[in-house]
Amino acid sequence: MAQFDEARIRENVAEHWNELVELLNQKIALKSISAQGIAGEQMKRSADFVAEQFQKLGVDAKVEQAVTEDGKPGAWEVIGSLVVDENAPTVLLYAHHDVQPVPGPEGWTSEPFVGTVQGDRLYGRGSCDDGGGIIMHVGALQALGKELNVNIKLFIEGEEEMGSPSFIPFIEAHRDEFEADVIIVADSGNWAPEIPSLTTSLRGNATCDVHVRVLKHPVHSGQYGGPILDAVTLASMSIASLYNENGELKVPGIASQEPVGGLQQDVTEESVRKDAGIVDSYKLAGTGSLASRLWTKPSATVIGFDAHPVEGSFNVIAPEATYRLSVRTAPEQDPNEVNAALKAYLESNAPFGAEVEVTPLEAGRGWAMDPTATATKDALEAMREAFDVDPVNMGQGGSIPFIPELQRLFPKAQVLVTGPEDPQSNAHSPNESVSLPGLQKNVVAEALLLAKLGADDAR
Ligand SMILES: [Zn+2]
């Protein structure tokens, strides 16, 4: 039985709702684009604004500037804590206050940095990613007020959209300030505005450059074409050698996983075709559920290819070519293993014995939720109550690099990944928006979750 008044939480959120929306509008107007400089004034202003909102709720929030790994001034981070009871569980609330750039007005139907309500959605850069996440934390703490029965630690990051370059040194320097039993990451999304989700897994990412060389210098294709294949063709054969006839990776040592975390629904082919804009004649690659193909099985993409442009091309056999391969890895495989597997496979399967050299670049880990953790169960229950519908969990095909890092640094913490995005949110794209009814329910769900986490300990 709950130790708190659920109806009152709902009422409190409703009562403060207009203020919370206004806060989100103010946050959007701050234009906290980290790509314009993580140490910039716009980021400091945004951090100060966010810290102030938490200070009003009793959190001892402050702004601190991180230092990047090469010793330069880093991001403006917001950290803080609120201790209610030494014996209560501690919850770290994470969100980020930086936003994606807006390269131009194309595609926007409203001013990107003016929060604009259309229908039941609020449009604006950072409305969902991750202003909505900040509102979830502020709104939940406000709704609980003095009834808050967990200790809070706060980390609102200022450089997530830049890949968090000073994240690890900053966390390592503040280890004690972040140590928590549960970490709530509000930077993801729901199945639909009215159907909540926990994010069950993230794929990792392994990137490498593959250099293919066949000649010491270019030669005339009329004179030598025949016995000598050009390097672009050989590089293409090398890429093709990664796949079986179904379009699945067949490289030994690259693992595949089925969706984890339960409560998942498969994704329909129709929605994938529509959302991604696939041409009608194209047949989807791979086998098994689409959820597994999108979220937990590995996939490779050639993200760069150095070859002569068509314009100005002439009759020579290209001596060398380079392609860059980005592999999304199964959530629980070490991406360094994937880079090693690619190197071994591609170098030993060189088409026609051309020289193939693989240079591993980045390796970012994936992550999988623990479906049996108490916090997971509490979160699902809280979502069911707040949304009045069963949650549908889902994986994510992309990576959120700091989540596996948090889990690595705090192996005992139960990490919950949630957030107010939905398939119409267009995070990172023009017309970014958040569903206002969805966000309001996310705030209620987080308040209920915090209350449940506090009550668990009292049992
Ligand atoms: Zn984000």
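User: Before we poke around, what does "contact" mean here?

Analyst: Two residues are in contact when they have heavy atoms within 4.5 Å. Also keep in mind that this is a predicted model.

User: Ok, then which residues is Asn-25 in contact with, leaving aside its neighbours within four places in sequence?

Analyst: With those neighbours left out, Asn-25 is in contact with Gly-115 and Leu-122.

User: And where is Asn-25?

Analyst: Asn-25 is in helix α2, which covers residues 17-29.

User: Buried or exposed?

Analyst: Asn-25 is buried, because its relative accessible area is 19% and the cut-off for buried is under 20%.

User: Switching to charges. How many salt bridges does a search of the whole structure find?

Analyst: The search turns up 14 salt bridges.

User: Let's take Asp-209. Which side chain does it meet in a salt bridge?

Analyst: That would be Arg-324, with an N to O distance of 2.5 Å. The pair links distant parts of the chain: Asp-209 sits in strand β9 (residues 204-213) and Arg-324 in strand β13 (residues 320-329), 115 residues apart.

User: Why is Asp-209 classed as buried?

Analyst: Because its relative accessible area is 18%, and anything under 20% counts as buried. Its partner Arg-324 counts as partly exposed, at 36% relative accessibility.

User: What else is Arg-324 up to? How far is its C-alpha from that of Gly-304?

Analyst: Those two C-alpha atoms are separated by 5.0 Å, although Gly-304 and Arg-324 are 20 residues apart along the chain. Gly-304 lies in strand β11, residues 299-306.

User: Which residues is Gly-304 in contact with, if I skip the neighbours within four places in sequence?

Analyst: There are Thr-322, Tyr-323 and Arg-324. Gly-304 itself is partly exposed, with a relative accessible area of 26%.

User: Back to salt bridges. What about Glu-269 and Arg-273: how far apart are they in sequence, and which helix are they in?

Analyst: They are four residues apart, about one turn of the helix, and both belong to α9 (residues 269-276). Their side chains meet in a salt bridge at 2.9 Å, N to O. Glu-269 is partly exposed at 39% relative accessible area.

User: While we're in α9, is Ala-276 buried or exposed?

Analyst: Ala-276 is exposed, because its relative accessible area is 57% and the cut-off for exposed is over 50%. This residue also lies in α9. If you want a long distance to look at, its C-alpha and that of Val-59 are 42 Å apart in space, with their places 217 residues apart in sequence.

User: Ok, which residues are linked with Lys-452 in a network of salt bridges?

Analyst: The network links Lys-452 with Glu-381 and Glu-385. For Lys-452 and Glu-381, the side chains meet at 3.1 Å, N to O. That pair links distant parts of the chain, with Lys-452 in helix α14 (residues 436-458) and Glu-381 in helix α12 (residues 374-387), 71 residues apart.

User: How do the ends of that pair fare: is Lys-452 buried or exposed, and what is the relative accessible area of Glu-381?

Analyst: Lys-452 counts as buried at 7% relative accessibility, while Glu-381 is partly exposed at 38%.

User: Which residues make up the patch of negative charge on the surface?

Analyst: Asp-5, Glu-11, Glu-15 and Glu-19 gather there. Asp-5 comes in the segment before α1 (6-15) and is partly exposed, with 37% relative accessibility.

User: Now backbone oddities. Which residues does a cis peptide bond join?

Analyst: The cis bond is between Asp-129 and Asp-130, with omega of about 5 degrees. Asp-130 is in the loop between β5 (121-123) and α4 (131-144). As background, most peptide bonds are trans, and most residues other than glycine have a negative phi.

User: What's the phi of Lys-31, then?

Analyst: Lys-31 has a positive phi of about 45 degrees, although it is not a glycine. Lys-31 is in the loop between α2 and α3 (41-55), and it is partly exposed at 44% relative accessible area.

User: And Asn-426: what phi does it have, and where does it lie?

Analyst: Asn-426 has a positive phi too, about 50 degrees, and is not a glycine. Asn-426 lies in the loop between β17 (414-418) and β18 (433-435). Its relative accessible area is 35%, which means partly exposed.

Technical notes
Residues numbered from 1 in each chain as written. Predicted model: local features only at pLDDT ≥ 70, side-chain atom pairs only at ≥ 80, totals over all residues. Heavy atoms only, no water. Helix = DSSP H or I, 4+ residues; strand = E, 2+ residues; numbered from the N terminus. Buried < 20%, exposed > 50% of the residue type's maximum accessible area, 1.4 Å probe, protein only. Patch = residues over 30% accessible without salt bridge, like charges linked within 9 Å, V, L, I, M, F, W, Y side chains within 5 Å. Areas by Shrake-Rupley, 256 points an atom, 1.4 Å probe, with all protein chains shown as cover. Salt bridge = Lys/Arg side-chain N within 4 Å of Asp/Glu carboxyl O. Lys, Arg positive; Asp, Glu negative; His and termini not counted. Charge placed at Lys NZ, Arg CZ, Asp CG, Glu CD.
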